[in-house]
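Reader: I'd love a close look at one part of this model, the sheet and what lies around it. Could you walk me through it at an easy pace?

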Amino acid sequence: KKVADRYLKREVLGEGTYGVVYKAIDTKTNQTVAIKKIRLGKQKEGVNFTALREIKLLKELTDPNIIALIDAFPHKGNLHLVFEFMESDLEAVIRDRNIVLSPADTKSYLQMTLKALAFCHKKWVLHRDMKPNNLLLAADGQLKLGDFGLARIFGSPDRRFTHQVFARWYRAPELLFGTKQYGPAVDIWGAACVFAELLLRRPFLQGSSDIDQLGKIFAAFGTPKPAQWPDMIYLPDYVEYQYVPAPPLRTLFPMASDDALDLLSKMFAYDPKARISAQQALEHRYFTSHPTATNPASLPRPP
Ligand code: ADP
């Protein structure tokens, strides 16, 4: 059955944060697409209109490392978002024990992630939900960031649906302290967690609650000193913590190069104002030092 006179629905790909995702054929282009059906719930009618208008802006956000939003339309009370179909995602790559990730492969994945963030941050769009399964992989090896801007339009996912526990592991300390004025730095923290996960082949900071998440962050980087992050004490949920010293980062990432560790530590800066930007990160010497990033077409991929 055709949807919107254009899309032939195929199987369900999965249940996402906002609703079901279907595979479909775009009969206009013969392209395979993924359609996200978004439950709009009991929101006032004006909200749908605002969402649609914001989504129109997302359609303009075109970059080789961002999933293209092909179409957006309301249908039977749900909002349908049509995206280009992606073969796999970074979570599948990280989890696959048969895949060997070389330092050059890790560099390539991080570079594509930062390129996507640099592009969007330049346009003042935040992602807010960085995690390996939002970094999708196209058939040609390109990594493309998905779900851009959706968190802002539809609300923070993990507050609305409790099954979204993993997003916590990628959450910046300022968010855990309840900041209301956050910026692009939250995406850099998330990207740093993905970088760490590529190096370790397991999630780096696996908190079991928001408090425990802060505990995991403090155990890795030491409790933040006010001199290191002057605005911290003014944040809504700030409480004093018992002092924890920082272990040398090297002990947590024994296999990483010095350049990788230097960039990682700058992406994990406590103070969001001191945290490296996506553009600055791309200019870090890690990306020019040996080995050069793997060409996307040559990256390993799951079967
Ligand atoms: P979440 O909100 O948990 O990140 P999503 O809504 O992004 O999940 O996706 C739900 C399921 O649909 C996942 O299994 C994902 O792999 C799949 N999916 C999402 N977007 C695409 C896409 N563009 N191409 C192929 N599969 C996709």
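Author: Happy to; here is a walk along the sheet, then to the ligand and finally to a few other spots.

Please keep in mind that this is a predicted model, in which local features need pLDDT of at least 70, side-chain atom pairs count only at pLDDT 80 or more, and totals for chains, interfaces and linings use all residues. Residues are numbered from 1 along each chain as its sequence is written.

The sheet is open and built from 6 strands in the order 1-2-3-4-6-5, with antiparallel pairing. Strand 1 (2–3) and strand 5 (69–75) are its edges, each pairing on one side only. Strands here are DSSP runs of E with at least two residues, helices are runs of H or I with at least four, and both are numbered from the N terminus. Two strands count as paired if DSSP finds at least two bridges between them. In general, strands of a sheet pair through backbone hydrogen bonds.

Let's zoom in on strands 2, 3 and 4. Strand 2 and strand 3 (residues 20–26) pair in the antiparallel sense over 6 bridges. Y7 has D26 of strand 3 as its bridge partner, and E15 sits opposite V20. These two strands make a hairpin with 4 residues between them, and G19 in its turn has a positive phi of about 155°. Moving on, strand 3 is joined to strand 4 by 6 bridges, again antiparallel, with A24 opposite V33. This pair also forms a hairpin with 4 residues between the strands, where N30 in the turn has a positive phi of about 65°.

Now for the ligand, which has 17 residues around it, the closest being G14, G16, T17, V21 and A34. A residue belongs to this shell if its C-beta atom, placed from the backbone, lies within 6 Å of the ligand. Strand 2 (7–15) and strand 4 (31–39) each supply at least two shell residues. By class, the shell has 8 nonpolar, 6 polar and 3 charged residues; Gly counts as polar in this scheme.

Elsewhere, UniProt, in an unreviewed entry, places an "active site" at D129, although such annotations may be inferred rather than shown by experiment. D129 is found in the loop between helix 3 (103–122) and strand 8 (135–137). D129 is buried because 26 other C-beta atoms lie within 10 Å, and the cut-off for buried is 20 or more.

Notes. A residue is buried if 20 or more other C-beta atoms lie within 10 Å of its own, exposed if 12 or fewer, and partly exposed in between; C-beta atoms are placed from the backbone.
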